[in-house]
Amino acid sequence: MRWHSTKPGQERESSHGTRLARVLSTVDLVSLGVGSCVGTGMYVVSGLVAKEMAGPGVIVSFIIAAVASILSGVCYAEFGVRVPKTTGSAYTYSYVTVGECVAFFIGWNLILEYLIGTAAGASALSSMADSLSQSQHQQLYDYSYPDLLALLIALLVTVIVALGVKNSVGFNNVLNVINLIVWVFMMIAGLFFVNGENWDEGRFLPFGWSGVMQGAATCFYAFIGFDIIATTGEEAKSPNTSIPYAITASLITCLTAYVSVSVILTLMVPYNEIDADAPLMEMFAMHGCMFAKYIVAVGSIAGLTVSLLGSLFPMPRVIYAMAGDGLLFKFLAHVSSYTETPAVACVVSGFLAALLSLLVSLRDLIEMMSIGTLLAYTLVSLCVLLLRYQPEGDIPWLCELPLRGESEGGMSRRLKKLIGPRYYTLRIRLGLPGKMDRPTPATGKTVTVCVLLLFIFIFAFCSFIIFGASSIGEGRWWALLLLIFLIIVIALLVVIILQQPENPKRLPYMAPCVPFVPASAMLVNIYLMLKLSAITWIRFSIWCLVGVLIYFGYGMWNSTLEITARENEVHASTYQRYDQGVDEGFCGFDDDFYPPTTDSWGAPEAGSGLTPPPQAKPESEGISSKGGGRTVANHGLAEEDPMDF
């Protein structure tokens, strides 16, 4: 069964016929999204950015990062509605919209990010336990690596995830409740130790706006957990409504937690005295409140555990989706009839993550960052931009989704509300489409070309402002001219896309302000990708090389699309071979089918109403050798009435 040809109303089955269980409510999805973000973001990233990059300006960094995340989040939410069969998250989206080859590499990169996230979470928990026990477990072995405690943590969480989605989500919800209680405690207890002087005399932005933007690039990775929600489309009770609401609620909740914690942290402790390894625990210890330190330690362990669960939870589901489509080995698509989870994929992914956490240090894992996730976000934004302007027949599953009628394009409606009667004058001057305009194959092709060019020029623009910043800062004429040229070209491409008619079908949820929101998401994500270190790009290239070998060595030849194409070719050749040996006269009713009136059967009785069937035309009269005789014969049978007595 080909995934993108499956109707959204159907349950997806594994190769062994077992369905995934639809047990997740909207609250469960919000819990998964919040848990996967808040742990590392609140207990690790906030102190790191405040101490080394932005000072108290970390508050602004988190807000900027949240805006950037929301741009991708709304695109994810629309795809969660447009493609409800989202066990593979961005892999599924790209599979449906841009094809198998690109989808494989997107899914392959997502596996890398979840793998690193799981291993990093296990290593962070090991470091937390080491700090609390003052390295007692490391003293048993007298060396830091291999980290056996991280290995055991990763294996334990693997068992929890493999036991079943409802069990693992229940465990996740318990940890989130603990984390919530500790967060409330920190907010209340911290108010007794705040000192407004920590923000006085230029201390709020000690590193300037450059430090704030650098901090925002780092803080962005504290929001990337929301894509776990998109991987649960087949296990959500109502994916069309749950996914967009859960993504939005998760981002808002995470932003509230990050900003509030950053405010308390920077008011309690001067930014240059923050402990980068355990900032929230040590901020109470610096004021002599040791019982509060251990309460926060409990929350830290709960938060990091649920972040680890958030990284491991979606990874086997992406592997399961790819294996179900034949792009990875088929045994990985097995779904346990007992737990109703992709058990084999859980075990394999958990073992790989445990092995990685055993052998690789936390610092090296963090350096890998999230280049694959950013690439997936960019592709999802690009696909939203493409699908909005395609004719209805070219959009997969659109006719099968619960729609809300037709209306003007979203951007046109917003402009009309914003500027009132002057909208019509503006529409004529800018060449915006009218209410009755509909996309055609020609306009869809125009948008496709413009989107590809937009991606290329945004990549060039981000590369130039990052690597040519010194030339731009020095005011060199060629640098300023090139910068202006790139900005003008990007603006023109966006205007050309805006001039094309949108598909009028309304989904239950749609990303607002298209094409500006997807284009802005592409700009932010590409910028952050290019800010990553060279070693990250090298490791990413090696991982992609392994993916190329798997795809061209196995996936391309065993994918369900390839198998279906072979079967169709075999059937077509079989029909052709049979037709070539069949006389066309035999396909219909000719004169020899009924005996002549002069034989022993005798002539038909008078008044019986039976007439000889019409003669099939010979092949020489222009009827093709495949099916022509059958068509004539059927036409004749339709005209006679053997019961007309």
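# A helical chain in a predicted model

Among contacts in the protein chain between residues at least 6 apart in sequence, 83% join residues at least 24 apart. This model is predicted, and the chain it describes has 645 residues, of which 51% count as buried. The secondary structure comprises 26 helices and zero strands. The surface that the chain exposes comes to about 29,200 Å², and 65% of that area is supplied by carbon and sulfur atoms.

Burial can be followed at the level of a single helix. Helix α13, spanning residues 315-324, is mostly covered, with 10 of its 10 residues buried. The buried set consists of M315, P316, R317, V318, I319, Y320, A321, M322, A323 and G324. An arginine, R317, is thus listed among the buried residues of α13. After α13 comes G326, which has a positive phi, near 85°.

A second view of the interior is offered by S250, a residue of helix α10 (residues 239-268). S250 has a relative accessibility of 0% and therefore counts as buried. When neighbours within four places in sequence are set aside, the contacts of S250 are L29, V30, G33, V34 and I229.

Two cysteines may be considered next. C289 has a relative accessible area of 12% and is buried, while C462, at 0%, is also buried. The count of disulfides in the model comes to zero.

The text now turns to charged side chains. The structure holds three salt bridges. One of them joins the side chains of R388 and E502, whose closest N and O atoms are 3.3 Å apart. R388 lies in the loop between α16 and α17, and E502 in the loop between α21 (477-498) and α22 (516-530), so this pair ties together parts of the chain that are 114 residues apart in sequence. Both partners, R388 and E502, are buried. For R388 the relative accessibility is 3%, and because buried means under 20%, this arginine falls in that class.

The surroundings of R388 can be described further. The loop that holds R388 runs between α16 (371-387) and α17 (410-419). The side chain of R388 also reaches the backbone oxygen of A511, at 2.6 Å. Leaving aside neighbours within four places in sequence, R388 is in contact with E78, R82, E502, N503, M510, A511 and V514. The salt-bridge partner E502 and the residue that offers its backbone oxygen, A511, are therefore both included among these contacts of R388.

Another salt bridge is formed by the side chains of E282 and K293, with an N to O distance of 3.4 Å. E282 belongs to helix α11 (residues 279-285) and K293 to helix α12 (residues 290-312), the two residues being 11 apart, and the pair links distant parts of the chain. The two partners fall in separate accessibility classes: E282 is partly exposed, with a relative accessible area of 22%, whereas K293, at 14% relative accessibility, counts as buried. The cut-off of 20% relative accessible area lies between these classes.

The side chains of E474 and R476 also meet in a salt bridge, with an N to O distance of 2.9 Å. Here E474 is exposed, with a relative accessible area of 53%, and R476 is partly exposed, at 40% relative accessibility. By contrast, both R388 and E502 are buried.

A further arginine, R539, is found in helix α23 (residues 534-558). R539 is partly exposed, and its relative accessible area is 27%. The C-alpha atoms of R539 and M368 are separated by 7.7 Å, although the two residues are 171 residues apart along the chain.

The last feature is on the surface. Which residues make the nonpolar surface patch of about 650 Å²? The patch is made by F329, F331, V348, F351, L352, L355 and L359. L352, one of these residues, is found in helix α14 (residues 343-359). The relative accessible area of L352 is 41%, so this leucine is partly exposed. An α-helix has 3.6 residues a turn, so residues three or four places apart point the same way. The patch includes V348, L352 and L355, and the range of helix α14 is residues 343-359.

Terms used
Residues are numbered from 1 along each chain as its sequence is written. This is a predicted model: local features need pLDDT of at least 70, side-chain atom pairs count only at pLDDT 80 or more; totals for chains, interfaces and linings use all residues. Side-chain values use heavy atoms; hydrogens and water are left out. Helices (H or I, at least four residues) and strands (E, at least two) are DSSP runs, numbered from the N terminus. Buried means under 20% relative accessible area, exposed over 50%, partly exposed in between (1.4 Å probe, protein chains only). Contact means heavy atoms within 4.5 Å. Accessible areas come from the Shrake-Rupley method with a 1.4 Å probe; for residues, only the protein chains shown count as cover. Patches are made of residues with over 30% relative accessible area and no salt bridge: like charges are joined within 9 Å, nonpolar side chains (Val, Leu, Ile, Met, Phe, Trp, Tyr) within 5 Å. A salt bridge is a side-chain nitrogen of Lys or Arg within 4 Å of a carboxyl oxygen of Asp or Glu. A disulfide is a pair of cysteine sulfur atoms within 2.5 Å. A polar contact is a pair of N or O atoms within 3.5 Å; within protein, one must be able to donate a hydrogen and the other to accept it, and residues adjacent in sequence count only if both atoms are side-chain atoms.
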